[in-house]
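Student: Hi! Could we go through the cores and pockets of this one together?

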Amino acid sequence: MALIIDPWGAELHTDYEKIVKQFGLEVFDSALFPQPNRLMRRKTVFAARDQKIIADCIKRKKPYYALTGIMPTADKVHFGTRMVVEQLRYFQEHGAKTYILVADLEAATTRGVSLETARKRALDFHIPAYLALGLDPKKTTFYFQSENKNVLHLAYEAAKHVTLNEFKAVYGSADPARIMAAVTQVGDILFPQLEEPMPGVIPVGIDQDPHIRITRDVVARTKSAHNFFPPAGIYHKFTPSLDGSLKMSKSKPGSCIELPEDPQEACKKIMKAVSGGRKTIDEHRKLGAEVEKDMVFELLKMHLIENDNKLDMIYQQYKTGAMLTSELKQIACEKMTAFLNDFTKELEKARSHVDKLKFISF
Ligand code: TRP
């Protein structure tokens with residue numbers, strides 16, 4: 001049976017290598033990219049489509065774009081969002097035209113969020129949160145799906161070039177709301193090329209690959225009309241849940257740290273997280289930690305420690321038993337507290353700038 005990745009999150013697959021093979025993805029190669037960021041260096045970004053084309057644009061300073069969409073369904077974001085923003089920021093700092101759209105139509109049709117609520121949430125929280133996580137507001141173009149006629153026209157055009165069977169094969173199911181959301185997303189992904197075809201990169205969690213595949217298929221079938229570049233994809237892993245399962249999820253609040261979150265609460269969760277520590281201190285000193293099983297180390301690696309040498313030092317000390325689990329957790333708690341406090345501060349700052357942002361509408 002074909003392995004299906006559901007972008008709405010029903011089924012998850014741990015075996016990242018298998019995903020790469022099964023979907024014909026490229027293994028991500030950080031050596032192609034100048035000054036790779038933390039996620040790229042540590043293989044949190046692990047797969048791609050057409051990465052060489054994007055790397056080439058960066059090296060030769062050719063025009064390209066990076067784009068993502070915000071689903072304004074809740075008043076919080078999580079570490080997965082932070083990864084998307086860090087990737088966008090990398091490309092923004094390396095010459096990409098940057099677009100962020102609010103998927104208000106998608107939220108309305110698939111989640112029952114009204115357009116007004118979606119707008120309010122995006123302006124009050126999501127957009128400021130993306131800026132707080134490091135995007136440059138002056139270099140970013142924003143729009144709402146419902147206000148971009150060009151995107152909707154592209155969506156209708158895309159609809160002519162996909163079949164129901166394809167939707168079923170790619171998504172596993174094909175109800176009308178999902179189909180509408182998916183063709184709209186194709187419109188989003190291709191919209192920056194309407195003026196001038198150029199390569200673009202969409203950084204996403206691996207569960208969002210189906211959208212990129214469909215878009216690439218549509219590009220192939222509209223060659224004569226548009227000559228679009230197929231979108232490149234850069235894929236990152238999930239942030240594992242503190243209980244040891246694959247993905248942090250709001251449905252398990254004890255094992256998921258959201259943004260924003262009270263640092264004290266976050267530290268409590270870290271203290272209870274699944275660790276690779278041994279049963280007794282003696283045993284731990286003798287055998288060292290099972291670092292591969294340690295969710296707190298994973299958190300430090302993916303999100304909290306920027307410096308590679310420092311991370312390596314912690315790894316060595318923990319692996320050899322010189323560092324105890326309680327000490328590792330203490331480091332994570334301190335780093336997390338600093339990060340969360342900084343996020344809250346930056347969020348407030350960004351909120352006061354929202355009215356000055358560049359929104360486009362047609
Ligand atoms: N479907 C995406 C989500 O669920 C949101 C989205 C809409 C998007 N258009 C996009 C993401 C274009 C990337 C690119 O979060």
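Tutor: Happy to; this is a predicted model, and we can take the cores before the pockets.

Student: Great. Which residues touch the most other members in the largest nonpolar core?

Tutor: Phe33, Phe91, Ile257 and Met336 do, in a core of 69 residues. Helix 16 (residues 325–351) contributes the most to this core, with eight residues. At least three residues come from each of domain 1 (16–238) and domain 2 (258–347).

Student: And what does Ile257 touch?

Tutor: Leaving out residues up to four places away in sequence, Ile257 is in contact with His78, Phe79, Leu242, Met248, Ala266, Lys269, Ile270, Leu299 and Met336. There is also a second, separate core of 39 residues, with Ala47, Val151, Val183 and Val204 among them.

Student: OK, pockets now. How much space lies in the largest pocket?

Tutor: About 1200 Å³. Its lining has 43 residues, and Met71, His78, Thr81, Asp207 and Gln208 are the closest to the centre. Several elements give two or more residues to that lining, including strand 3 (65–70), helix 4 (79–93) and helix 9 (176–190).

Student: How does that lining divide into nonpolar, polar and charged?

Tutor: For the largest pocket, 19 are nonpolar, 17 polar and seven charged.

Student: What about the second largest pocket, which residues lie nearest its centre?

Tutor: Arg38, Arg82, Glu86, Arg89 and Leu133, out of 16 lining residues. This pocket holds about 310 Å³ of space, and its lining has five nonpolar, four polar and seven charged residues.

Student: Which helix gives the most to that lining?

Tutor: Helix 4, with five residues. Domain 1 (16–238) and domain 2 (258–347) each provide at least three residues of the lining of the second largest pocket.

Methods: Residues numbered from 1 in each chain as written. Predicted model: local features only at pLDDT ≥ 70, side-chain atom pairs only at ≥ 80, totals over all residues. Heavy atoms only, no water. Core = buried A, V, L, I, M, F, W, Y, C linked by side-chain atoms within 4.5 Å. Buried < 20%, exposed > 50% of the residue type's maximum accessible area, 1.4 Å probe, protein only. Helix = DSSP H or I, 4+ residues; strand = E, 2+ residues; numbered from the N terminus. Domains from an automatic or database assignment. Contact = heavy atoms within 4.5 Å. 1 Å grid on protein atoms, 1.4 Å probe; cavity = no way out; pocket = protein on both sides within 12 Å on 5 of 7 lines; lining within 4 Å. Points joined across faces, edges and corners; volume = space filled by probe spheres on them. Nonpolar A, V, L, I, M, F, W, Y, C, P; charged D, E, K, R; others polar.
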